Amino acid sequence: MGVNKIEINYDNGIEVRVNDNRATLQDLLDAWQPLCDNERLYKLYAQNQHRECRGCTVNCCNTAYVIPDLIAFKKMARFTGLDYPEFIARYFQRDKLEVGLLRMQPDPCIFLQDKICTIYPLRSLICRFYLCCQISGDTEQLVYSLSWTGATATQLFVEELGLLAGSSEQGLSSFDMMFRKLIEDYRYNPNIKFFMQAGEYSDIPLAPFI
Ligand code: SF4
Ligand code: SF4
């Protein structure tokens with residue numbers, strides 16, 4: 001039997017091992033998804049710390065700060081049937097747009113209904129990778145880099161369309177400032193091109209992010 005392209009060990013925090021340098025972001029997502037349903041994992045906010053994420057009463061979607069990656073952004077817009085200007089106007093937080101940040105409407109997330117994500121198969125990398133679990137340093141860096149490269153690609157895409165003009169410093173929360181700094185840090189990252197060129201996560205190679 002062949003070795004899996006991606007292996008995930010979670011005895012001492014979640015740890016990803018990439019065994020094949022042809023692995024794609026979709027391969028990682030396929031390997032990661034079962035962690036959401038895994039009842040053996042210690043999840044800080046889950047009922048009894050050992051439950052699947054579905055039906056979680058704390059539900060990180062209530063407070064999530066989601067700036068979607070470009071693949072998810074385009075798919076979500078298509079799902080709503082809106083063009084980009086209308087999608088942004090209706091689904092993103094107005095006062096954050098005014099300061100140049102693409103945060104999806106929160107508290108709770110605009111896509112959350114009856115504690116269930118209504119766009120689960122289309123949700124963004126930030127949503128897919130978040131788990132209230134211990135994650136090893138290298139793996140955290142990998143998922144962080146993928147999520148923020150993707151989110152910065154959205155920022156650049158929307159800026160290029162002339163749909164995100166604001167950049168005021170007024171009224172920024174500490175989270176806003178942190179996320180803005182992250183986007184600035186990733187703005188010239190060469191890996192952005194993978195998100196700009198891709199239609200699917202399977203088009204994005206993992207190797208440049210490792
Ligand atoms: S990751 Fe989110 S949904 Fe899953 S157990 Fe933690 S708080 Fe609940
Ligand atoms: S898009 Fe879905 S998974 Fe992400 S925060 Fe919103 S409801 Fe939760």
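Start by selecting Cys53: this cysteine is partly exposed, with a relative accessible area of 33%. Here, buried means under 20% relative accessible area, exposed over 50%, and partly exposed in between, worked out with a 1.4 Å probe on protein chains only.

Before you click on, some housekeeping. This is a predicted model, in which local features need pLDDT of at least 70 and side-chain atom pairs count only at pLDDT 80 or more, while totals for chains, interfaces and linings use all residues. Residues are numbered from 1 along each chain as its sequence is written, chains are lettered from A and ligands numbered from 1 in the order in which they are written, and side-chain values use heavy atoms, with hydrogens and water left out.

**Stop 1: Cys36, next to Cys53**

Now add Cys36, which counts as buried at 5% relative accessibility. Why is there no bond from Cys36 to Cys53? The sulfur of Cys53 is the closest cysteine sulfur to that of Cys36, but at 4.9 Å it is too far for a bond. A disulfide is a covalent bond between the sulfur atoms of two cysteines. The cut-off used here is a pair of cysteine sulfur atoms within 2.5 Å, and by this rule the count is zero disulfides.

**Stop 2: the two ligands**

Select ligand 1 and show what surrounds it (residues with a heavy atom within 4 Å). You should get Lys43, Tyr45, Ala46, Cys53, Cys56, Cys60, Tyr130, Leu131 and Cys132. Sorted by class, that shell has eight nonpolar residues, no polar ones and one charged. The classes work like this: Ala, Val, Leu, Ile, Met, Phe, Trp, Tyr, Cys and Pro are nonpolar, Asp, Glu, Lys and Arg are charged, and the others, Gly among them, are polar.

Do the selection again for ligand 2. Around it sit Cys61, Val66, Cys109, Phe111, Leu112, Cys117, Ile119, Arg123 and Cys127. The shell around ligand 2 divides into eight nonpolar, no polar and one charged.

**Stop 3: the loop between helix 1 and helix 2**

Helices (H or I, at least four residues) and strands (E, at least two) are DSSP runs, numbered from the N terminus. Go to Asn48, in the loop between helix 1 and helix 2. Asn48 is not a glycine, yet its phi is positive, about 55°, and the residue is exposed at 63% relative accessibility.

Click on Gln49, in the loop between helix 1 and helix 2 (70-80); at 27% relative accessibility, Gln49 counts as partly exposed. Leaving aside neighbours within four places in sequence, Gln49 is in contact (heavy atoms within 4.5 Å) with Leu41, Tyr42, Lys43 and Leu44. Try a C-alpha distance from Gln49 to Cys61: they are 12 residues apart along the chain and separated by 17 Å.

**Stop 4: Pro108 to Ser124**

Pro108 is in the loop between helix 4 and strand 3 (112-113). Check the peptide bond from Asp107 to Pro108: it is cis, with omega near -5°.

Further along, Asp114 is in the loop between strand 3 and strand 4. Asp114 has a positive phi near 50° and is exposed, with a relative accessible area of 77%.

Ser124, in the loop between strand 4 (116-117) and helix 5 (125-129), is buried at 1% relative accessibility. Not counting residues up to four places away in sequence, Ser124 touches Val66, Pro68, Asp69, Ala72 and Tyr201.

**Stop 5: helix 6 and helix 7**

Colour helix 6 next. Its 24 residues reach 34 Å from first C-alpha to last, close to the 34 Å expected at 1.5 Å a residue, where the expected span is 1.5 Å times one less than the number of residues. Helix 6 is mostly covered, with 17 of its 24 residues buried. Gly162, with a positive phi near 75°, follows helix 6.

Then pick out helix 7. Which of its residues are buried? They are Asp176, Phe179, Arg180, Leu182, Ile183 and Tyr186. These cover an arc of only 155° around the axis, so they sit on the same side of helix 7; the arc is that of the directions from the helix axis to the C-beta atoms. On the other side of helix 7, Ser174 and Lys181 are exposed. The buried residues of helix 7 pack against helix 4 (94-98), helix 6 (137-160) and helix 8 (192-197).

Finish on Arg180, in helix 7, which counts as buried at 15% relative accessibility. Not counting residues up to four places away in sequence, Arg180 touches Val99, Leu101, Ser167, Ser168, Glu169 and Leu172.
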